[in-house]
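Colleague: Could you take me through the internal cavities of this model, and then through the parts of the protein around them? I would enjoy a close look.

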Amino acid sequence: MVNIQLQERFFTNSLIVHILITTFGISAWLGINAIFVELPILVNTTKEWNLPMYIVIMVQVANIGPLSYILARKFGFKFHESRWIFSMLMFGAIIMLLLAFFYEKTLTYNNKEYNFVLLLVTFLTALINCSSSLLFMPYLRYFREIYLVSYFIGEGLSGILPSIIALIQGSGSSDCDNSSASSARFTSKYYFIATFLLLVLSLVAFFLLEKLSLVKNERILEEEIKNEDCRRKSWSKSCEPGEDGENSTNSEGKKELESNEQNHIESLSSERETDNRTKLQLSFKIYLYFLLGVMCLLGNGFLPGIQSYSSLPYGNQTYHLTATLSQLANPTACFLVMLFSTTSSSSSRVINSLSAIVFVICGYVMYLAFESPEPPLQHSVIGKVLVISSWILLIGLISYVKLAITTIFRHESQSENLFRIGIVMQFGSACGALVSFLLITFTRLLNSYDSCADKV
């Protein structure tokens, strides 16, 4: 009876921690995802077709935040993780609330109006979201491995929740004769207020993660983390007894040590076989880092910049559905990673196969963008279905590959891998944004589509 009660209590505590970490993970990219999802309406109302590209550039300029954090750590500056994260979440909620009331404010430069407040808030929000890769994930090293999946589910929800709000809001298509007329059920003001409330919810979840006693019972002590890393390397000199300083040990102690080593030699051999499968070879580890960077280059930097070019020619509603429904694939991918192990020898084949599919679909999406404003099957239902389904599948597969690679590194070691992964992800995203910026600004490969031009 007591054991049943203990099991029920453990399950309840674990479930609460899963919910809190998932809610906390929503804040990782909620601000930027919310802005990207609202772009179809913002582009339609402002008629600024290059707005997605400007947003992507602001996001990547914000990488100065994580870069500064990396340099500060290198030079020995100490960060109190919890306080920094709490401050970041609070600041992110405040600026999102300000965006709700001032997103329409513009600034004129060279006789052209720019959404100054939107771009500024995007930069500040991205400053927080980009830094989340270096702060939020390493914070989870004090929790059991399964909670990392909960965090990624929350990160996936940071895309799906704004998408749901946007679907309720409507496509926001306007009449070409009167640009102020819109079919949206409510304005972007209330959309950003809803996003603000979600950020407040994430802030409360993180506060509870820090203060609730039942959460503390689910934590892994720092000493246990070190012992785990030591166990993984138990056959190396750094963890073996009998190093320098042990020469003064008496013969009786040496005999006991030899006896212990002999008793454990079989278990160590089996551990080596298991750990050799887990411990990644350097070449394969470099390959995974490279592949992760490429996935982030596509998913976080390059593809968002060209999304309007590939889908807007098929109609504003198609663009709206593409931007919103593609986010549904992210949490779905997280659930699939949780269901299927990514630490077996077959995981590399799965990752390679899915990556190949990503490159094929990415090539098709790029082809549509380069053919803008007159892509193939532009006025057919098949064309609209293809572009929407391609984006959904593309974002889902990229999310799966990223999380699968991250889970492999997390399983291998608990030391600095999550921090290195954050660096690789941000570097890949920045490169992707740079590529899209160069293509849009200095080439004529991408041409904007004006939905009103055909009606003149």
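Modeller: Six cavities of 30 Å³ or more turn up when the whole structure, a predicted model, is searched. The largest cavity holds about 540 Å³ of space. Its lining consists of 29 residues, and those nearest its centre are Asn33, Gly299, Asn300, Gln327 and Asn330. Two or more lining residues come from each of helix H2 (30-46), helix H3 (51-61), helix H7 (146-169), helix H13 (282-311), helix H15 (329-339), H17 and helix H18 (417-442). H17 is the biggest giver here, with six residues in the lining of the largest cavity.

Let us start with Asn33, which belongs to helix H2. With a relative accessible area of 14%, Asn33 is buried, because the cut-off for buried is under 20%. Leaving out residues up to four places away in sequence, Asn33 touches Ser158, Gly159 and Gln327. Gln327 is thus met twice, since it is also among the residues nearest the centre of the largest cavity.

Helix H13 is worth following to Ser311, which is found in that helix. Ser311 has 0% relative accessibility and so counts as buried. Apart from neighbours within four places in sequence, Ser311 is in contact with Thr318, Tyr319, Thr322 and Val387. The C-alpha atoms of Ser311 and Val387 are 6.5 Å apart, although 76 residues separate the two in sequence. Thr318, Tyr319 and Thr322 are among the buried residues of H14, together with Asn316, His320, Ala323 and Thr324. Helix H14 (residues 316-325) is mostly covered, with seven of its ten residues buried.

H17 also matters for the nonpolar core. The largest such core has 111 residues, and Phe24, Ile55, Phe136, Phe143, Tyr151, Phe192 and Leu303 touch the most other members. Helix H17 (residues 381-412) supplies the largest share of this core, 14 residues. In soluble globular proteins, nonpolar side chains tend to be buried together. Taking Leu303 as one example, and setting aside its neighbours within four places in sequence, its contacts are Leu298, Cys362, Trp391, Leu394 and Ile398.

Cys362 leads us to H16, where it is one of the buried residues, as are Ile351, Leu354, Val358, Ile361, Val365 and Leu368. The 24 residues of helix H16 (residues 347-370) should span 34 Å at 1.5 Å a residue, and the end C-alpha atoms are 34 Å apart, so the two values agree.

The loop between H16 and H17 holds two backbone details. Pro373 has its place in this loop, and the peptide bond from Ser372 to Pro373 is cis, with omega near 15°. Leu377 lies in the loop as well; its phi is near 55°, a positive value in a residue other than glycine. Most residues other than glycine have a negative phi, and most peptide bonds are trans. Leu377 counts as partly exposed, because its relative accessibility is 46%.

Finally, the wider setting. The protein's secondary structure amounts to 18 helices and four strands, and 49% of its 456 residues are buried. Among contacts with a separation of 6 or more, 84% link residues 24 or more positions apart. The exposed surface is about 22,700 Å², of which carbon and sulfur atoms supply 62%.

Technical notes: Residues are numbered from 1 along each chain as its sequence is written. This is a predicted model: local features need pLDDT of at least 70, side-chain atom pairs count only at pLDDT 80 or more; totals for chains, interfaces and linings use all residues. Side-chain values use heavy atoms; hydrogens and water are left out. A nonpolar core is a set of buried Ala, Val, Leu, Ile, Met, Phe, Trp, Tyr and Cys residues joined through side-chain atoms within 4.5 Å. Buried means under 20% relative accessible area, exposed over 50%, partly exposed in between (1.4 Å probe, protein chains only). Contact means heavy atoms within 4.5 Å. Accessible areas come from the Shrake-Rupley method with a 1.4 Å probe; for residues, only the protein chains shown count as cover. The expected span of a helix is 1.5 Å times one less than its number of residues. On a 1 Å grid over the protein atoms alone, a cavity is a set of points where a 1.4 Å probe fits but cannot get out, and a pocket is an open set with protein on both sides within 12 Å along at least five of seven lines; lining residues have an atom within 4 Å of a point. Grid points are joined across faces, edges and corners, and a volume is the space filled by probe spheres set on the points.
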